[in-house]
Amino acid sequence: MLSSLKFLLFFSLIFAFANVSLAAEEEEKKMSVRLGYILKDIPYVVKRDLQLGFDFVTDRFAKKYNVEVTLHIDEDEKKLITMFEEEKLEYLGLRMCTLAKYYDLLSSSMGYTYLSSTNENLQERYVMLATSESAEAKSYLGKKVVMQEDECNAIMYADMTSIKYFNVRYFETLDVEYVQNPNRAILKRFFKQADIAFVPEKSWELAKSMNPAMENNVKLVETSPAIFTYGIETYHKNLPASEVAVIKQSDKDLQDTEDGKQLLTIMKIGMRSQVQPQELRAYIKPYLEYQKEIKHFAEQAQ
Amino acid sequence: MIRFFFKKLFYQVYFSITIIMVVMMTFIGYFVLKEQEKSILEVMRTQALTIAKSIELVSADAMVGNDQSFLVEHNLNVLEKSPIIEFIVVSQNDGESLLIEQEHWQVLDHLSAEAKALEKDGEEDSIIKNPYDSSKDESYYYVYPLNFDGIAWGWIHIGFKLDVLDNAYKTMYLKMFLLFTFVFIIISIAIFFVTKQIVNPIIALSHATKEMTRGELEVQLISERADEIGELTQNFNIMAQGLSKIQNELKNTNAMLEEKVALRTRELEEINKTLDHRVQVEIAHRREQEQILIQQSRFAAMGEMIGNIAHQWRQPLNALALLLQNISIAYETGRMDAAFISRVNEKGLLLTNTMSTTIDDFRNFFKPNREKEFFSVDEQIDKTLAMLQASLDTNLIEVKRDLKPDLKIYGFANEFTQVIINILNNAKDALIENKQERCTICIKSYEDSSYVYVTILDNAGGIDDAVIDKIFDPYFTTKDQGKGTGIGLYMSKAIIENNIHGKLYVKNEAQGALFTIAIEKNDTQKSSFNTSKEKK
Ligand SMILES: Nc1ncnc2c1ncn2[C@@H]1O[C@H](COP(=O)(O)OP(=O)(O)O)[C@@H](O)[C@H]1O
Ligand SMILES: [Mg+2]
């Protein structure tokens with residue numbers, strides 16, 4: 001009897017408390033953050049768990065900071081970038097290679113910015129894998145190439161290699177097949193479904209570890225110089241300071257709280273660090289040079 | 001300790017029921033577990049089938065199109081998502097096989113014989129040692145056929161880690177164990193109470209009966225039970241009441257009886273006092289009678305002795321009379337010289353000496369109460385015969401004597417002589433009455449290991465069967481007044497049985513009565529007899 005009375009008392013206390021806090025929340029004007037992601041710029045491994053990650057953000061994180069979060073994912077990179085410029089998005093997530101393409105346009109509207117990576121590797125090299133019979137890059141003219149779809153770094157490396165050896169753009173010299181992921185590209189090479197594969201070095205290392213017999217059939221021809229492969233997360237510079245403060249706090253919490261850590265795991269974000277927009281030019285230098293090169297090549301061609 | 005434990009009814013019942021229950025539970029448990037194991041395997045099979053089917057569905061195009069890269073990648077993904085799978089093999093009929101393991105894969109030229117053996121007509125499963133990795137243990141191995149458009153393309157082999165199965169078994173066993181323990185405890189408690197219910201009334205009854213044996217009959221047990229035990233308790237109570245009632249009645253009767261007994265005792269004491277007096281009178285009377293009897297027997301014996309002396313004397317008296325006649329004739333004829341006188345004198349002295357000896361013999365016989373002693377049977381009989389010689393001769397009775405020398409009897413020699421005289425006199429009387437051509441009395445002595453026997457057999461025709469049982473009675477006689485007293489045999493029997501520890505009995509032989517005196521030997525006599533026998 002006594003215990004049930006206690007229980008009732010406890011229950012009504014909780015109820016009263018909850019009502020007060022709810023009332024307090026309603027008074028504040030809700031902050032709204034619109035997130036924009038370029039579809040190809042979302043890493044393959046993240047895409048699979050994107051919905052889960054976003055649910056986590058809206059359910060736990062956003063509620064905690066009293067933020068209303070909306071998500072915009074689009075294939076059209078130009079459209080999203082324009083939206084960001086016009087302040088129709090508070091946030092934009094993209095790759096370095098995309099940033100390099102629109103750097104002049106974007107840099108003026110970028111505010112609070114983060115670098116993020118799916119792993120601790122700061123830099124990545126790319127490799128060109130070919131048949132074992134020949135190690136000469138020149139002999140691959142017109143051969144079948146396999147690469148990961150939308151892998152701008154691999155494409156960039158393939159393109160540069162093509163320009164270097166054959167003096168043509170890669171899609172002009174090679175029969176290109178795009179696959180979902182680099183592992184598949186290596187497997188295709190192994191099973192002789194393609195002659196050349198351009199893949200990240202780490203994928204090749206993994207493939208070798210999974211089947212050492214690979215090397216009998218697959219030859220590493222060349223390795224690219226190291227390039228940064230970070231993702232960029234940027235908030236518009238015109239966000240009010242109060243909102244920036246909330247965002248800064250939530251970003252800090254992302255690394256410090258249990259919920260945050262869990263979200264980072266879901267989104268496969270292994271590393272995250274703040275960066276000044278103007279500092280980014282150093283990171284994207286190889287991309288900028290490549291942009292220059294293909295521009296130059298195009299001009300030459302005309 | 002344990003035996004004591006199991007002597008208690010409670011523990012016997014409790015443990016019996018518990019053991020039966022445990023056996024039953026084990027039995028049921030065994031079957032349930034077997035079924036569970038089967039169903040776990042069934043679940044495993046279903047799971048394997050699902051995975052194989054999904055692989056088939058997703059990879060059908062790749063298989064038909066020979067896109068091995070897809071097969072490798074897809075199966076690596078499958079493995080990544082299902083850690084319980086140890087390996088997948090996609091084997092193409094008449095082609096290469098792909099072995100995909102966790103984070104590893106390879107092209108196999110050919111399958112191991114064990115795995116190949118499972119590729120039969122359809123799905124197949126078995127628990128075998130991992131044929132692709134010798135460092136691994138057994139796995140659940142599942143084989144699924146791949147058919148596309150009716151063409152047998154190949155097979156999918158899936159190996160599951162056995163620890164999944166083991167864990168399932170473990171959980172199952174644990175669950176069963178917990179369930180059984182729980183049930184066991186509950187049932188044990190139930191049995192405990194049931195046993196108590198059954199046994200307690202019995203124990204109570206036992207205690208009650210114990211109390212009853214101690215005399216506490218007012219025991220009453222309380223039982224509200226309607227079953228047999230309740231009935232038993234009721235019956236016990238009724239019995240206890242009954243017994244108690246009977247005891248009370250007994251007590252009353254006892255008291256009454258005691259009173260009566262006391263009364264009787266007093267009466268008896270009174271009677272006793274007077275009785276004592278009467279008995280004493282009676283005993284005195286008896287003694288008197290006995291005295292008279294002894295007296296009479298003495299007289300009788302004396303009478304007979306005197307008869308015998310008369311017979312003994314008759315011959316020397318006649319000779320003396322002749323001698324005296326001879327003296328007077330010699331005087332008349334003048335032949336009385338000195339030589340004649342001395343011859344007569346000598347003859348006369350000889351005769352009177354003989355008569356004197358006879359008197360002495362009889363006097364000795366009548367000298368009573370001498371010490372008990374060992375006496376020689378043949379010597380004593382010879383003496384007796386010598387005393388009776390004259391009277392036997394007169395009646396032309398021949399005595400045949402067959403006496404074993406050196407037989408000894410312990411007792412009063414006189415009394416023994418008196419018995420022999422009695423029997424011989426009776427035989428003589430019977431022979432006189434029943435004249436025979438040759439009157440004989442055979443007197444014989446012999447022994448066996450425990451007795452010395454003396455038998456006296458006459459040829460006077462025996463004793464009439466009608467009276468043979470009475471001849472040892474006092475005052476029984478068939479002889480005329482003044483001749484027989486009926487005391488002789490009575491006294492003889494008394495002497496033999498009371499004073500010499502022997503027996504005297506009679507039976508009729510063909511020619512006459514046979515009297516037997518059997519005297520028990522003492523221990524030394526017995527042993528000497530035995531040793532002498534052994535010597536022979
Ligand atoms: N040898 C015997 N033969 C036949 N009868 C006998 C003999 N001895 C004893 N009796 C019978 O036993 C009876 C009892 O004998 P006993 O007691 O000596 O008394 P008594 O000689 O005075 O008659 C005799 O009267 C006689 O009838
Ligand atoms: Mg007699």
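In this predicted model, the largest cavity has a volume of about 50 Å³. The structure holds two cavities of 30 Å³ or more, and each is described in turn below.

The lining of the largest cavity is made up of residues of chain B: Asn66(B), Gln68(B), Leu71(B), Val90(B), Gln92(B), Glu96(B), Ser97(B), Leu98(B) and Trp153(B). Three elements of chain B each supply two or more of these lining residues, namely the helix α3 (68-81) and the strands β1 (85-92) and β2 (97-101). In terms of residue class, nonpolar and polar side are evenly represented, with four residues each, and one charged residue completes the lining.

Attention now turns to chain A. The second largest cavity has a volume of about 40 Å³, and its lining consists of Met128(A), Ala158(A), Thr161(A), Ser162(A), Phe166(A), Leu174(A), Ile196(A) and Phe198(A). Two elements of chain A, α6 (152-166) and β9 (196-200), give two or more residues to the lining of this second largest cavity. The greatest contribution comes from α6(A), which provides four residues. By class, the lining of the second largest cavity comprises six nonpolar and two polar residues, with no charged residue.

Set side by side, the two linings read as follows. Around the largest cavity there are four nonpolar, four polar and one charged residues, whereas around the second largest cavity there are six nonpolar, two polar and no charged residues.

Notes: Residues are numbered from 1 along each chain as its sequence is written. Chains are lettered from A and ligands numbered from 1 in the order in which they are written. This is a predicted model: local features need pLDDT of at least 70, side-chain atom pairs count only at pLDDT 80 or more; totals for chains, interfaces and linings use all residues. Side-chain values use heavy atoms; hydrogens and water are left out. On a 1 Å grid over the protein atoms alone, a cavity is a set of points where a 1.4 Å probe fits but cannot get out, and a pocket is an open set with protein on both sides within 12 Å along at least five of seven lines; lining residues have an atom within 4 Å of a point. Grid points are joined across faces, edges and corners, and a volume is the space filled by probe spheres set on the points. Ala, Val, Leu, Ile, Met, Phe, Trp, Tyr, Cys and Pro count as nonpolar, Asp, Glu, Lys and Arg as charged, and the others, Gly among them, as polar.
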